Amino acid sequence: MSRTPSTLHRLAAYAASLLLSVTVPVVLDHPAAGAAAEPVTVTVNARAGLATVPDTALGLNHAIWDQQLGSTGTSDLLRAAGVKMLRYPGGSYADIYHWRTHTAPGGYVAPNTDFDTFMAAARRVGAQPMIIANYGTGTPAEAADWVRYANVTKGYGAKWWTVGNENYGNGHYGSAWEADDHPDKSASQYARLVVEYADAMKAVDPSIKVGAVLTMPANWPDALTAGADPGPWNQTVLSLAGPKIDFVDVHWYPGGTAAESLARTAHLPDAAWLLRRQIARHAGPDSGRIGISFTELNVGAGQNTQPGALFLADAYSGLLEQGVFTVQWWNVHNGIGTVSEVAGQTDYGDFGMLSSGGCTADGSVCEPPFNTPFAPYHGLSMMNLFARAGDQLVRAGTDQPLVTAHAARRPDGSLAVLLLNKDPDTAHPVAIDYAGFTPADEAPTVHTLTNGAGGVTTGRSGDATSRTLPPYSLTTLVLRPAGAAGSRPGAPGRPTPGAVTDRTATLSWPPAAPGGAPIAKYEVYRQHGAVSEQLGETAGTSLTVGNLEPGARYTVNVLARDTAGRVSWSSPPLTFATGSPAASTCAVRFHPDTDWGNGYVATVDVVNTGPSTLDGWTLTWTWPTPWQQVSSGWSANWSQVGTQVRVTSTADNRRLAAGGGSASAGFVGAYSGPNVPPGAFRLNGTVCTVTG
């Protein structure tokens, strides 16, 4: 197969999604066309702060096969959409591209796409560059020379550099689309060379940030170990290169139908949690400094129509809420693919955000004129209207999976609410409830993108608490607060955990700056969906919270309240997990034995550490997500209802002697999203110590 630009990248996307797409259930149940939709309850909690929007948030990919890469017309469109980071030289081409000669042996390099042209375009757009150093066919010296040319010779100040593209796709795990001339194609070798690249590049300019390629949790080849590597790709790369890198780079192509892609944005909080756990466990001391970039994503169907726009806005928002510092769509221009009709609109199967103006091979279908924006471009424009650098994203939720919500609190006190209707057929009325924010009694500014529209429309209409969302639409409400904000306290700093046990955690935080009155107290809240649950309050800057659940994940914020009753913005969030009891009458070891990307074999060891013999036992746990299940098991009786797993003894292993009697059982597990391990196990109702 010829390595055309679109083919090179579609191979990557196809390979990454192939193992997953057939196993992921569709969770979006569409009402019958024309059916009356029940009102959807939307909750916006301005006190439940998430991440702050960085100035590199809205990103996009440029590629050296695109001769319009540096054109004024293309740059103006990207600037208008709010693009703040541009990646170069383009996906898998990065691993065959030699910057000094501006060549990519085996691939096509268009005229007017060299590095200086790209940098001139990035400056016209107002975007920071992210540059991919050639790992597959390059050397650390070549990358260091590029840094020298960019930042010493030319003074570009290019800060962000990634070593390679999708280097796990080099054949090490069986699928090979990424160029890699190294005899050793292991994850260990990639990690060792990342260290060499980072050392060589930072010797030229110590201020740059160097990133390593990881894979998305629950996406191929996550959890697979090959050759002599000490573990899967992410673990191996982080354990060897973690101390030398500044960020990790991840791609995500959820695959499947339009409905399936739109449903899978629900995976993002758990995927980010797993990714951060991998970094914390394997990247060495001070791993909290390591950032996360998502530099490629796109849908499996509807790339040029409304599913693409909906997915872009939902995924960008979801990832930014989790503290990712940039999200980048694949691609600016890419080329026509398989033509279809999606929700009444022609979709050209083009991974580009802007039309390439080409036709199918037989000339039967042609795209609209060159640079015509496709729906994802308008979705990106909506993101630029919704979330701006410096805004604090806050919790928002709904009671209808076909309607999702995101919200951002702005420094001037106003609030932006993004509402997505993923139903292609039915309009959904929504009723919006606000916590920690009182909207002004006036018509809000309303930005709307409907199915098939040529752009976002803006006006003022309605009120802050009710709206009807057209089918397949994106709506952003911008609301001013009621009354003057006054001199409220500043936000406390991000809390940090200490002495976390199974039932308690001690939280500490930097103090808030007083506003118009002294600080009276600090209030600690847990995010429970889109609702805040107060865990306690104190006049100091540390609090031990109790009554926590073992093996549970908590996201908390701290707010300051002054003597006049004014409340600050929330602190940045802290997410932590409680452990298991240090002492118990039982112990459990849960360990996956083999994993193939959407399923695995695991063993569960149960130990009676108590003073009395057990004659018959029942082990229970709860899966953290709805997409995890026990498919079959042995050496015990296995059942699952919802997310609850129940394992009971057999006649052969029912007796567990006191002081160490044990039994082992195994099962085949399946997952169609991030495979988050259970945090707590109960034996005959008693919470056990988790070992191993």
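**Exercise 1.** In this predicted model, determine in which loop P221 is placed, and what kind of peptide bond joins W220 and P221.

*Solution.* Begin with the position: P221 is in the loop between β6 (209-213) and α6 (233-241). Then turn to the bond that joins W220 and P221, which is cis, with an omega of about 0°. A cis peptide bond also joins Y88 and P89, where omega is about 10°, and P89 lies in the loop between β3 (85-88) and α3 (115-125).

**Exercise 2.** Establish whether E142 is buried or exposed, and which side chain of opposite charge is nearest to E142.

*Solution.* First locate E142, which lies in helix α4 (residues 140-153). Next consider its surroundings: E142 is buried, and the nearest side chain of opposite charge, that of R100, is 7.5 Å away. Since a salt bridge requires a side-chain nitrogen of Lys or Arg within 4 Å of a carboxyl oxygen, E142 has no salt bridge. Finally, leaving aside residues up to four places away in sequence, E142 touches Y97, H98, W99 and N134.

**Exercise 3.** Describe how helices α9 and α10 cross, and which classes of residue make up their contact.

*Solution.* Start with the geometry: the axes of α9 (residues 306-321) and α10 (residues 375-386) come within 7 Å and cross at roughly 35°, and the crossing is right-handed. Then list the participants, which include L312, Y316 and L320 of α9 together with L380, M383 and F386 of α10. Sorted by class, the contact has 10 nonpolar and 4 polar residues, with no charged residues.

Technical notes
Residues are numbered from 1 along each chain as its sequence is written. This is a predicted model: local features need pLDDT of at least 70, side-chain atom pairs count only at pLDDT 80 or more; totals for chains, interfaces and linings use all residues. Side-chain values use heavy atoms; hydrogens and water are left out. Axes are lines fitted to C-alpha atoms, for helices over the stretch in contact, and angles run from 0 to 180 degrees between N-to-C directions. Helices (H or I, at least four residues) and strands (E, at least two) are DSSP runs, numbered from the N terminus. A crossing is left-handed if the near helix is turned anticlockwise from the far one by less than a right angle, and right-handed if clockwise. Ala, Val, Leu, Ile, Met, Phe, Trp, Tyr, Cys and Pro count as nonpolar, Asp, Glu, Lys and Arg as charged, and the others, Gly among them, as polar. Buried means under 20% relative accessible area, exposed over 50%, partly exposed in between (1.4 Å probe, protein chains only). Lys and Arg count as positive and Asp and Glu as negative; His and the chain ends are not counted. Contact means heavy atoms within 4.5 Å.
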